[in-house]
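Subject: Handing over a structure

Hello,

Here is the structure I promised to pass on to you. Please open it beside this message, and I will walk you through what I found.

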Amino acid sequence: GVLLVEPGTDYVTDLKVAETVEEEVDRCVECGYCEPVCPSRNLTLTPRKRIVLRREIAAAEANGDHELAERLRKEYEYYGIETCAVDGMCQTRCPVNINTGDLIRRLRSENQDKLAATGWKIAAQQWGIMDKVAGKSLTVAKKMPFPLVHGTTNIARKVMGDDMVPSYKKDLPVGGPARKPHKDATAEIVFFPACVNSMFGGVDGDGKHDPVNATQAFIRLCERTGVKYRIPDNIGEMCCATPWKSKGFTDGYSIMSDRVLKSLWEATDGGRLPVVCDASSCTEGLEVMREKVIKALEHKIVNGLKPGEPDYSRLRMYDAVQFAADNMLDKLTVSAPLPSVALHPTCSMTHLGTQPAFEKIANAMSDDVYVPKHWGCCGYAGDRGMLHPELTASATEAEAAELSEQKQFAAYISANRTCEQGMTEATGHSYQNVLQLLERTTR
């Protein structure tokens, strides 16, 4: 049943031509290994398809079919750009190390809405105010009739666009406590509490305990294990800058990253102390921020910096989950173990390599730990799950179905506030931060 072609030119006929499109993805061979881990794979496009369509647009232009190229560009806005979580999980499977999120972030940057970009730039400049307003707004919204708040956001979404205004959801919590500086001359670490934990309050998984959030839990664990820490003076004005990076708002990203790195350089005594962050995606955001600046200063760092000029390559970023597993667990006694727990690892954990630490803590708290076979990026991606709820619904479908076939677990655990929110909405179970549970079970 095999046909062998006779002509001696068969090796140059019927070749598939891949148009040159973007530096980030030109080396893609369209193998499709990335597809199983993409959160939008069952909703819109996979990374492979995002790249293929960029090539189809280029091919249409090259063939003079400008009408087709324009139609593809228009449809690509939602299918390719708006529903990409830019989580980078595709890179973990790609044999040539492509992160399609890099392409999507650049496209967002090149086509950013001027009004939105200005708004986010102002937000970066006034983040101390924005952080507090966001938390208080959630608290106020929770006290109001849900149909009123939900209806208001829906009207705003119709006017300004789904990709601009988040949709308010019934499962959203009240705002969290404000972040406060903490001085300690004998500090062993610099603690960087994530702003997402002050915007979104903690939740109580079983209705019997106080909803301590990850920040409060980590502070209690530090006090319980004798870890001395300090929190930068202007912590309320700082963010890992991931929202600006993900949305392609370069001006706001530069403002925030410059502020954060300068503050951390001072707080860490020039890189002497490690920085510990209590949200996995924010830890990754801080590390990416550091790496971006190092790359920009690479020539200077190699050839010598000016006296007093910060060498940001000396900054060390650690996730609180890893820190707790390495430096706290052996000093704690689990006095109230959990009968069973279900875990949701995050995409940031995968990039940081902290999933083993996550599971180590879970196994210390319970003899019955379940990691779903179909776990994957929840697609919440900061606020993307509120902008496009259908993305999270699709991304979590297999994991939610798997969990529904299992028994009811005593606790559902993750390590990033918005991922916990996404999984709560997807499964109907209250997901809590692993630090929250570690603090509770070792009281």
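What percentage of the 443 residues of the chain count as buried? The answer is 51%. Please keep in mind as you read that this is a predicted model.

**The chain as a whole**

You will find 21 helices and 8 strands in the chain. Its radius of gyration is 23 Å, close to the 22 Å that the globule rule gives for 443 residues, so the chain is as compact as a globular protein of that length. Measuring tools aside, a sense of scale may help: along the principal axes, the C-alpha trace spans about 80 × 60 × 50 Å.

Contacts across the sequence are worth a look too. Taking contacts between residues at least 6 apart in sequence, 76% join residues at least 24 apart. On the outside, the chain exposes about 21,000 Å², and carbon and sulfur atoms supply 53% of that area. As for charge, there are 53 positive and 60 negative charges, and their mean positions are 6 Å apart.

**Two helices to visit**

Start with α12, which runs over residues 280-296. This helix has 17 residues and reaches 25 Å from its first C-alpha to its last, close to the 24 Å expected at 1.5 Å a residue. Its buried residues include Ser-280, Cys-282, Leu-286, Met-289, Arg-290, Val-293 and Ile-294. In general, an α-helix has 3.6 residues a turn, so residues three or four places apart point the same way.

Then go to α21, at residues 434-441. Why is this helix described as largely enclosed by the rest of the structure? Because 8 of its 8 residues are buried. Charged residues are among them: Glu-439 and Arg-440 are buried, as are Val-434, Leu-435 and Leu-437. The buried residues of α21 pack against three helices, α9 (214-225), α14 (320-327) and α16 (355-365), and against the strands β7 (411-414) and β8 (431-433).

**Two alanines with positive phi**

Most residues other than glycine have a negative phi. Ala-241 has a positive phi of about 75° although it is not a glycine. You can find Ala-241 in the loop between β2 (229-230) and α10 (242-247), and at 0% relative accessibility it counts as buried.

Ala-381 also has a positive phi, near 45°. This alanine lies in the loop between β6 (369-370) and α17 (384-387). Is Ala-381 buried or partly exposed? With a relative accessible area of 34%, Ala-381 is partly exposed.

**Two last stops**

Asp-330 sits in the loop between α14 and β5 (341-343). At 66% relative accessibility, Asp-330 counts as exposed. Asp-330 and Thr-225 are 105 residues apart in sequence, yet their C-alpha atoms are 9.2 Å apart in space.

Finally, look at Thr-153 in helix α7, residues 146-160. Thr-153 has 16% relative accessibility and counts as buried, as the cut-off for buried is under 20%. Which residues is Thr-153 in contact with, leaving aside its neighbours within four places in sequence? They are Val-165, Pro-166, Ser-167 and Tyr-168.

Enjoy exploring, and write back whenever you like.

Best wishes

Conventions:
Residues numbered from 1 in each chain as written. Predicted model: local features only at pLDDT ≥ 70, side-chain atom pairs only at ≥ 80, totals over all residues. Heavy atoms only, no water. Helix = DSSP H or I, 4+ residues; strand = E, 2+ residues; numbered from the N terminus. Expected span 1.5 Å × (residues − 1). Buried < 20%, exposed > 50% of the residue type's maximum accessible area, 1.4 Å probe, protein only. Rg over C-alpha atoms; globule rule 2.2 N^0.38 Å. Contact = heavy atoms within 4.5 Å. Areas by Shrake-Rupley, 256 points an atom, 1.4 Å probe, with all protein chains shown as cover. Lys, Arg positive; Asp, Glu negative; His and termini not counted. Charge placed at Lys NZ, Arg CZ, Asp CG, Glu CD.
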